[in-house]
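Visitor: Please pick one part of this protein and take me through it slowly. I'm new to this, and I'd like any cut-offs spelled out as they come up.

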Amino acid sequence: MSKYDNAAALMKERFGKDNLIAVATTDGARLHNRIVDAYYEDGAFYITTHALSNKMKQIEAHPEVAVCAVDWFSGHGAGRNRGWVLDPANAEIRLKLREAFSEWYDHANNEQDKNCCILEIRLTDGMLIKDHNAIRYQIDFTDKSALLSENWGEFK
């Protein structure tokens, strides 16, 4: 397996379920940060939210975001509104989100509201840490490559 494949497998294992992550956005003047429930798949985090929320307004104007997860990951990506959760184009990811967020999904989301949407954060780069910094992956999600550092050594 390549370094990227190892990092991708670890990302899927850790974040391919309901996770709390911090999402930082900007309104152009100030930074804003909030904790959201997110589900990870193939280089992107997915979040159900409301299209008229401040985070979505900020992402519409400034798509670049930063993310951070308690489980040893931080990175950057581009956010975009995938649209209404019931849009047929969102059917596959919606089912995965309903399953991942099954404990609370129906209590927090009104799918009949056309502003109930899916935020996709397509990652561009990130740092994934394993074994309390013994292993660090510097990941380029765009090129699907990764560098590895073991025991605080150089990235190779």
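Guide: Let's walk along some of the strands and see what lies beside them.

A quick note before we start: this is a predicted model, where local features need pLDDT of at least 70 and side-chain atom pairs count only at pLDDT 80 or more, while totals for chains, interfaces and linings use all residues. Residues are numbered from 1 along each chain as its sequence is written, and side-chain values use heavy atoms, leaving out hydrogens and water.

Our starting point is strand 4, residues 64-69. (Strands are DSSP runs of E with at least two residues, and helices are runs of H or I with at least four, numbered from the N terminus.) Look at how its side chains take turns: Val65, Val67 and Ala69 point to one face and are buried, while Glu64, Ala66 and Cys68 point to the other face and are not buried. Here buried means under 20% relative accessible area, exposed means over 50%, and partly exposed is in between (1.4 Å probe, protein chains only).

Who sits beside strand 4? One partner is strand 1, residues 19-26, which pairs with strand 4 in the antiparallel sense over four bridges. (Two strands pair if DSSP finds at least two bridges between them.) To spot one of these links, find Ala24, whose bridge partner in strand 4 is Ala66. That is one of the residues on the face of strand 4 that isn't buried.

Strand 4 is also joined to strand 5, residues 73-84, again running antiparallel, with six bridges. Here Ala69, from the buried face of strand 4, stands opposite Phe73 in strand 5. Strands 4 and 5 make a hairpin with three residues between them. Have a look at Trp72 in that hairpin: it takes a positive phi near 65°.

Carry on from strand 5 and you meet strand 6. These two pair in the antiparallel sense over 10 bridges, and Ser74 has Met127 in strand 6 as its bridge partner. Strand 6 has other partners, too. Strand 3, residues 44-50, pairs with strand 6 over seven bridges, also antiparallel. One of those pairings puts Ala44 with Arg122 in strand 6.

Then there's strand 7, which runs antiparallel to strand 6 and is joined to it by six bridges. Leu128 has Tyr137 in strand 7 as its bridge partner. Strands 6 and 7 form a hairpin as well, this time with four residues between the strands. In that turn, Asp131 takes a positive phi near 55°.

If you keep going past strand 7, there's a loop leading to strand 8, residues 145-150, and Lys144 lies in it. Lys144 has a positive phi near 55°, though it isn't a glycine. It counts as exposed because its relative accessibility is 58%.

Now come back to strand 3 and zoom in on Phe45. Setting aside neighbours within four places in sequence, the contacts of Phe45 include Met11, Phe15, Ile21, Ala38, Tyr39 and Tyr40. (Contact means heavy atoms within 4.5 Å.) Further along the chain, Phe45 also touches Val67 and Phe73, plus Leu119, Glu120, Ile121 and Leu123. Two of these names should ring a bell: Val67 is on the buried face of strand 4, and Phe73 is the residue opposite Ala69.
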